[in-house]
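Me: I would like a close look at a single part of this model, set in the context of the chains around it. Please treat it in one connected account.

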Amino acid sequence: MTARRAGGAVLVHGPMVVAAVLVAVPFLWLVSLSLQEPQAVFRFPPRFIPERFVWSSYPDAWRALPFGRMYVNSILTSALIIGGQVVTSCLAAYGLTQLRFRGRHLAFLFIISTMMVPIQATFIPAYVIVSRLGWVDTYWALVVPFVASGFGVFLMRQAFMVVPRTLVEAARIDGAGHWTILTRLLVPLARPAIITLAALSFTFHYNDFFWPLIVTNSAGMRTLPVGLATMILTEGSHGTQWNQVMAADVFTVAPLLAAFVLLQRYLAPTSLTAGVK
Amino acid sequence: MRRGETLLGWALVAPVLILLGAFVVAPAVLDFPLSLMHYDLISGSGRWVGLANYATLARDPIFWEAVGHTLQLALGTTVPMLAFAVVFGLLLNRRLRGRAVYRTVLFAPYVVPLVASSIAWIWMLSGHGFVNYVLGAVLPVRDFAWLDSSAGALPAIMLMTVWQFVGYYTVLVLSGLQNIPAELAEAARIDGAGEVRVAWSIILPLLSPTLFFCVVVSVIASFRVFDQIYVMTGGGPGTATITLVFYLYQQGFAFFNTGAGASVSVLLLVALMGITWLQLRMARRWVTYEL
Amino acid sequence: MTRVWCLALVVVLVLAIPVAAQAPLEISFWYGVGGQLQKVIEGQAEKFNRAHPGIKVTPFYAGAYGAGGPMQQKLLASMAAGSLPDVVQLEIHATCTFASRGALLALDEWMAKSDHDRKDDFLPVLTNTGCEGKTYGIPFNRSVPILYWNRDRFTKAGITGPPKTWTELAAIAPKLVQDGADGKVVGFMPINQWWFFQSMTWSNGGDVLSPDMKRAVFATDAAAAGLKIWVDLIERGTAQVRTGPTEFLQTIQDFVNEKTAMYWGSAADMGAVAAAKFDWRAALSPGFDGKRLVVPQGGANAVIMAKISPERQKAAWEFIQWWTSPAEAAYWSRETGYVPVVKKALDDPEFKAFLKSHPNHAVPIEELAFSRAAAPSPKYFQVLQLIQRAQQNIISNKAPALPTLQATAREVDALLAAP
């Protein structure tokens with residue numbers, strides 16, 4: 001029995017360890033190459049433990065661009081977007097799940113249909129709208145267009161739907177109004193979904209490249225991915241310093257991975273499937 | 001009461017409707033008239049040309065290549081990604097030491113910017129990268145630069161995409177598995193069914209709604225693939241990795257054919273809406289079936 | 001309490017002084033290069049601002065400037081919204097596309113009145129700066145294809161100088177195949193891009209498009225000849241080729257790391273090649289026996305947007321003029337490897353000394369005399385994409401050269417015939 005169990009453990013852990021290592025490999029090499037000479041990316045076979053640690057690539061990359069300011073911009077705009085999305089999504093989801101009104105299905109269909117529009121197809125008109133509003137090169141332009149999210153409404157609707165109706169009815173009989181039901185009952189119960197939304201949305205907006213590039217016109221408004229792109233997507237540059245690029249990549253990725261490890265138990269998109277099962 | 005509820009309902013949904021309407025739907029809707037025009041963004045003038053843009057697409061060999069690549073990408077990412085996701089999901093769906101660690105690691109790539117992971121993968125897939133380092137042990141691939149080869153570039157993009165998203169689908173599958181009552185599998189085991197048989201004939205059928213959902217999400221996602229192509233291959237070598245969104249982007253912004261770009265958008269939107277509609281219909285059927 | 005008020009008043013006054021004294025006219029300058037070049041550009045803008053108190057140029061990285069690069073997207077979006085930059089570093093092939101639609105300011109009159117930006121003040125770099133008889137762009141960063149060779153390896157193989165023609169190159173390449181520190185060193189590496197195909201086609205007496213730009217004329221033996229030489233060298237193992245998005249970077253790196261004794265690249269690579277730890281030299285691009293060498297130029301123009309106010313146009317022109325003043329043009333060339341655009345830069349004493357100590361930098365300047373403009377067809381990028389696809393098939397997928405070019409020419413004809 002124990003032998004069989006040990007065999008089973010190998011059968012389970014074996015493939016999982018291999019998979020986990022393979023998934024982690026690009027990150028590990030990113031760190032390794034950021035600490036080697038720029039030429040290391042061209043060596044074969046590649047060397048994982050640096051022959052000589054080149055720590056200077058980090059300060060060099062940090063100095064190459066105003067990373068401090070870009071961090072602030074990236075984090076601030078993503079945080080504002082998340083806040084906005086959580087509020088608007090919860091309100092809409094409350095309306096869609098707890099109230100019965102004409103056109104409810106239509107509104108929902110409209111909302112989720114926005115999830116599949118590719119940004120490349122829409123950003124010129126969107127830019128024109130933002131510019132008519134006088135928002136170019138302001139945080140407004142980076143934030144407001146994303147304060148509503150089809151995905152967010154979809155997610156929160158699923159989360160509110162799985163709350164048993166009897167609970168809501170009981171609260172209502174106790175005299176609770178809409179506001180109380182939303183803020184005291186539904187939102188606390190949907191906390192994991194909210195954090196999932198926040199995390200996924202943070203990932204998405206922290207990572208966005210095209211929109212921030214297009215709506216900002218001053219170095220002070222730049223976000224991290226735009227900065228990262230200046231290091232690689234360039235014309236006739238003086239030879240890419242790959243170790244600095246890798247180091248900048250580590251800067252960009254590290255806060256995300258750290259936040260993810262802290263929040264990862266909420267990231268499981270379980271509620272996503274709740275309505276689909 | 002009823003009227004009050006309608007008013008309140010719309011008021012609650014209004015912020016989302018207005019914002020999405022202004023910044024997503026209105027711009028997307030504009031693609032429809034634009035696709036029927038020769039519109040010049042530089043001078044800001046246009047004229048109606050009927051279906052001429054669509055006719056141009058139909059004649060453009062590169063458009064058809066883009067369609068082909070998009071379909072290959074949809075197939076080549078969805079199938080391996082879901083196969084892995086099911087295997088990982090089944091393995092992780094048991095009381096297992098270190099389960100959280102596995103899940104964290106598998107999911108981690110999902111949170112990383114595509115621009116950032118593309119940079120890592122440019123090296124991974126280069127002639128002297130890790131992929132060749134590993135494959136070199138069994139295959140004569142030394143110095144084979146995946147992204148530089150007409151035959152290798154698209155599979156390389158698929159590999160990178162599977163890496164980035166496999167954890168996301170694993171977690172989706174896992175949550176689907178957790179909704180399947182454990183007693184069913186237990187009963188089968190008591191009847192003497194082996195693990196593989198239990199997985200195949202008990203668990204998988206019950207998992208199929210989740211899987212179907214994953215397929216739809218993955219297909220939609222692969223229709224929208226852009227960032228990794230933009231950073232890693234620029235559509236090349238030659239035209240070997242041009243996908244529909246990349247083609248749309250080139251028509252609109254490299255070749256200044258706003259109308260042609262808009263007509264690709266329209267085709268994409270119609271295709272994606274079709275897929276979503278199908279999914280919603282089927283999902284509804286399953287829900288009633290369960291009730 | 002009063003102290004607080006006094007303090008506040010002082011602060012307000014201090015803040016107000018510079019505003020009242022002078023509000024310099026702020027003009028935005030969109031550029032599209034990163035890395036080292038970005039630092040040079042920002043430094044130069046600062047230098048200009050110090051010297052011109054009435055104008056403040058704000059340089060802004062607007063995304064890579066290449067065809068279809070993010071800068072072009074950003075520019076189109078800003079035009080659609082009417083919120084324009086003032087000066088833009090615009091890819092040379094896109095100049096006519098924008099100019100013919102009225103987006104750019106014609107500069108002929110400004111140039112005529114200038115004391116150092118008249119047409120005959122420039123080196124032969126006024127290619128793809130104009131459209132329909134007028135000039136819209138001032139050459140900003142310009143490069144030409146040049147041949148890089150490793151003198152140490154040449155000496156070892158008993159070869160004294162660089163090849164002047166493709167025949168010579170094909171003859172010496174096998175002798176340069178040597179054993180290197182890690183593995184084989186090949187004789188030659190081309191970069192499989194349309195820019196080089198264009199050069200070989202022109203140098204062999206052919207052309208890409210007909211003069212009226214309505215037909216493809218590259219389905220000829222003359223155009224296929226260069227590619228055939230490459231294929232032959234590659235098949236014999238004396239040459240190697242990188243393709244794909246990073247081919248430029250990789251090939252430069254291969255040369256620096258001594259994986260090849262020669263490569264055909266761009267003058268703009270010089271900064272990167274300078275990392276090489278051997279005696280490297282630049283030479284004119286190879287030509288064809290008995291025919292005149294013809295090369296294309298690459299890079300960008302500085303353009304002024306037409307729909308900005310006259311005083312902004314004036315300030316923008318001031319900036320461009322400063323940029324092309326002999327000393328600054330020379331500085332830019334020294335720092336970047338791009339050619340200095342004005343003749344007088346060659347008389348700049350610092351630049352003279354620089355050329356003396358860096359003779360390789362004289363090669364692209366010399367080669368400018370052999371350059372010509374590309375056809376200003378608005379569909380040129382689309383044509384080039386089809387050509388690039390054909391090149392990929394010929395060089396990497398071993399498709400026969402002439403039939404592939406013929407099939408591509410038919411596709412190009414259809415494209416040009418479409419409205």
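The part in question is the loop residue B:Phe256 of chain B. Where is the place of B:Phe256, and which residues does B:Phe256 touch?

Reply: The model is a predicted one, and the account below moves from the residue to its chain and then to the neighbouring chains.

B:Phe256 is placed in the loop that lies between helix H11 (244–254) and helix H12 (258–290) of chain B. Despite its loop position, B:Phe256 counts as buried because it has 24 C-beta neighbours inside 10 Å, the cut-off for that class being 20 or more. Not counting residues up to four places away in sequence, B:Phe256 touches B:Leu41, B:Ile42, C:Thr97 and C:Pro378. The list therefore holds residues of chain B and of chain C, a contact being a pair of C-beta atoms within 7 Å. As a reference distance, B:Phe256 and B:Gly152 are separated by 104 residues in sequence and by 30 Å in space, C-alpha to C-alpha.

The partners within chain B lead to a hairpin. Strands S1(B) and S2(B) form this hairpin, with 4 residues between them. S1(B) covers residues 37–40 and S2(B) covers residues 45–48; the two run antiparallel and are joined by 4 bridges. B:Met37 has B:Trp48 of S2(B) as its bridge partner. In the turn, B:Gly44 has a positive phi of about 75 degrees.

The hairpin belongs to a chain whose secondary structure comes to 12 helices and 2 strands. Along the sequence the pattern of chain B reads α-β-β-α-α-α-α-α-α-α-α-α-α-α. Its C-alpha atoms fill a box of roughly 75 × 75 × 30 Å along the principal axes. Of the 291 residues in chain B, 52% are buried. Among the contacts of chain B with a separation of 6 or more, 69% are between residues 24 or more positions apart.

Another view of chain B comes from the nonpolar core. The largest such core has 303 residues, and those with the most contacts inside it are A:Met156, B:Tyr169 and C:Phe319. Helix H7 (residues 153–178) of chain B gives the most to this core, with 17 residues. B:Tyr169, leaving aside its neighbours within four places in sequence, is in contact with B:Met81, B:Leu82, B:Ala85, B:Cys214 and B:Ser218.

Chain B also meets chain A, in a contact that takes 72 residues from chain A and 70 residues from chain B. On the side of chain A that touches chain B, helix H1 (residues 2–34) of chain A gives the most, with 12 residues. The residues of that side divide into 53 nonpolar, 13 polar and 6 charged.

Chain C, which supplies C:Thr97 and C:Pro378 to the surroundings of B:Phe256, also touches chain A. That contact takes 34 residues from chain C and 24 residues from chain A. Several elements of chain C each supply at least two residues to its side, among them helix H2 (35–51), strand S2 (55–61) and helix H3 (70–81). The largest share, 7 residues, comes from H3(C). By residue class, this side of chain C divides into 16 nonpolar, 17 polar and 1 charged.

Two of these elements, H2(C) and S2(C), recur in the sheet architecture of chain C. An open sheet of 5 strands has the order S2-S1-S3-S13-S6 (chain C), with mixed pairing. S2 and S6 of chain C are its edge strands, each pairing on one side only, and the twist averages 25 degrees from one strand to the next. Strand S1 (residues 25–31) of chain C runs parallel to S2(C) and is joined to it by 7 bridges; in this pairing C:Leu25 stands opposite C:Ile55. H2(C) lies across S1 and S2 of chain C and runs at about 170 degrees to S2(C).

A further open sheet of 5 strands in chain C follows the order S8-S9-S10-S7-S11, also with mixed pairing. Its edge strands are S8 (178–180) and S11 (280–283) of chain C, and its twist averages 35 degrees from one strand to the next. Strand S7 (residues 145–150) of chain C and S11(C) run antiparallel, joined by 4 bridges, with C:Tyr148 opposite C:Ala282. H10(C) packs on this sheet, touching S7, S9 and S10 of chain C, and its direction makes about 145 degrees with that of S10(C).

How values were computed. Residues numbered from 1 in each chain as written. Chains lettered and ligands numbered in written order. Predicted model: local features only at pLDDT ≥ 70, side-chain atom pairs only at ≥ 80, totals over all residues. Buried ≥ 20, exposed ≤ 12 C-beta atoms within 10 Å, placed from the backbone. Contact = placed C-beta atoms within 7 Å. Nonpolar A, V, L, I, M, F, W, Y, C, P; charged D, E, K, R; others polar. Pairing = 2+ DSSP bridges. Axes fitted to C-alpha atoms, helices over the stretch in contact; angles between N-to-C directions. Core = buried A, V, L, I, M, F, W, Y, C linked by C-beta atoms within 7 Å.
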